[in-house]
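Me: I'd like to learn how to read a few features of a protein model. Could you walk me through them?

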Amino acid sequence: MEKQLEQINQLFETALPKNLTNKIIKPEDRDYHYVRSSYMGVGRPEIVVMAETNQDVVDTIAYVNELRKSMSEVPFSIRSGGHGMSGSSTNVGGVILDLSKMNAIEILDEAAGIVKIQAGAQWGQVAGTLAPHDLIITSGNFGDVGVGGIATSGGSGYFTRHQGLTIDHVIGATLITADGVIHELSETSEPELFWGLRGGGTQLGVAVDFTLQAHKVNSTTHDASVIQQHITYVTEDVEQFVANWGRWIKQAPQEMTSFLMIQKTPQNVYAVDARNVWANTDTERAVPELEKALAIDKIYDHSENMMSYADLIPYPQSIHIGQQKIKIANAIVDKVDASLGRAIKEVLETAHVVELRPLDGKVHEVGQDETAWAHRHRDGFLSVWMSPKSDDQLLAEFAPVMELATGMYGAYSSITTSEVSELAWPGKTGKRLKALKNQVDPEGVFNTGLQV
């Protein structure tokens, strides 16, 4: 065994391209503890490559290809922010390509809202850079998330109904495929790869930068301020609450997006934390909708204020050491109604919390076949946070929601089974993405995480 380990270690050393020698972190190095893990998992990789250039990415891919000639099972993880729910941005015994040093953000045309962002930037950096220019790009709701993950997988947060998904604002990207070729993608340059990049995640290669179309807010404060309402509801009837909330948000103007966290309390009532965001500072139009939100159910507390985009997106800049021990399952559903409320009530008998977000508005206005994100005409997205002993137990406890699921968000799942894949990329979307993957990555170089 010792001799075998020595041979493996020697192979990792001898196959390493010379120009990466000063850009790697190994288990014996001082900084290894800070780069070995992701938010969702503790890793023990053999090598972490801290890439700084596109050539570093090309060389890392070539390195992994060389290693796999002798060791076919060498894991290969791509990490931008390291926050991914599947935990696939770290591994045991393999190589991590860390893009965190490739984090430049450049406003190419402020008037037109054209921005170029490298994949290793975190969304808190993006918000902080854009807000002084009164610009917003729809994203998730947490600043530690990496741009590379969210801009290839979907991106649903506080501006979903008003602006759609993050991938809907990607107008160009640079992708490096398994053969080391650098592709410049857009609607007119390799449009099929561009289609798959937006919603296919990291299956097709390493996206190293994105050109995005930002939204000009025209806020009265000129710092991308929006109106935020924070409500804590207390309800005894979560079924009726979900139905009431679903009706309210469906009828609200698209400027309004709402984000719920639902928990069952020891007193057998339900606490619902709601973050409602109106996507500008137009109080005349916003206030009537905020008042309607206050009438949904009994309120424990509430507040309303204007807040800059940069302050709206929390950005703790945590070091990721596998600190999040929960598992997450999610579902995309056709309707947000009492039947969904019943399913949520049932899963909350064992789950810690349920997140619920709307998926209508601008999301519905993008054609079903325009991107590889296949859920354009459904109304709701929910995820369930649990602490199961196994994936089988997680699926069993999630079953009441799964019965209503007509889709799934691939990047927001701790489970990476074929059943989850079929929900994430159903029907012709899955077949098209599979054909594209077979074309650009026939050997399965990018084979961690959820696969089509």
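Me: Which exposure class does Y34 count as?

Reply: Buried means under 20% relative accessible area, exposed over 50%, and partly exposed in between (1.4 Å probe, protein chains only). Y34 has 47% relative accessibility, so Y34 counts as partly exposed. This is a predicted model: local features need pLDDT of at least 70, side-chain atom pairs count only at pLDDT 80 or more, and totals for chains, interfaces and linings use all residues. Residues are numbered from 1 along each chain as its sequence is written, and side-chain values use heavy atoms, leaving out hydrogens and water.

Me: Where does Y34 lie?

Reply: Helices (H or I, at least four residues) and strands (E, at least two) are DSSP runs, numbered from the N terminus. Y34 lies in helix α2, residues 32-35.

Me: What is the strand order of the open sheet?

Reply: Strands of a sheet pair through backbone hydrogen bonds, either parallel or antiparallel. Two strands pair if DSSP finds at least two bridges between them. Here eight strands follow the order β15-β12-β14-β13-β17-β18-β16-β19, with antiparallel pairing. β15 (299-308) and β19 (405-407) stand at the edges with a single partner strand each, so one side of each is left without a neighbour in the sheet.

Me: How many bridges join β17 to β18?

Reply: Six bridges join β17 (residues 353-358) to β18 (residues 380-386), and the two run antiparallel. V353, for instance, has W385 in β18 as its bridge partner.

Me: Which strands does helix α11 touch?

Reply: Contact means heavy atoms within 4.5 Å. Helix α11 (residues 338-347) packs on the sheet and touches β13, β14, β16 (327-333), β17 and β18.

Note on methods: Axes fitted to C-alpha atoms, helices over the stretch in contact; angles between N-to-C directions.
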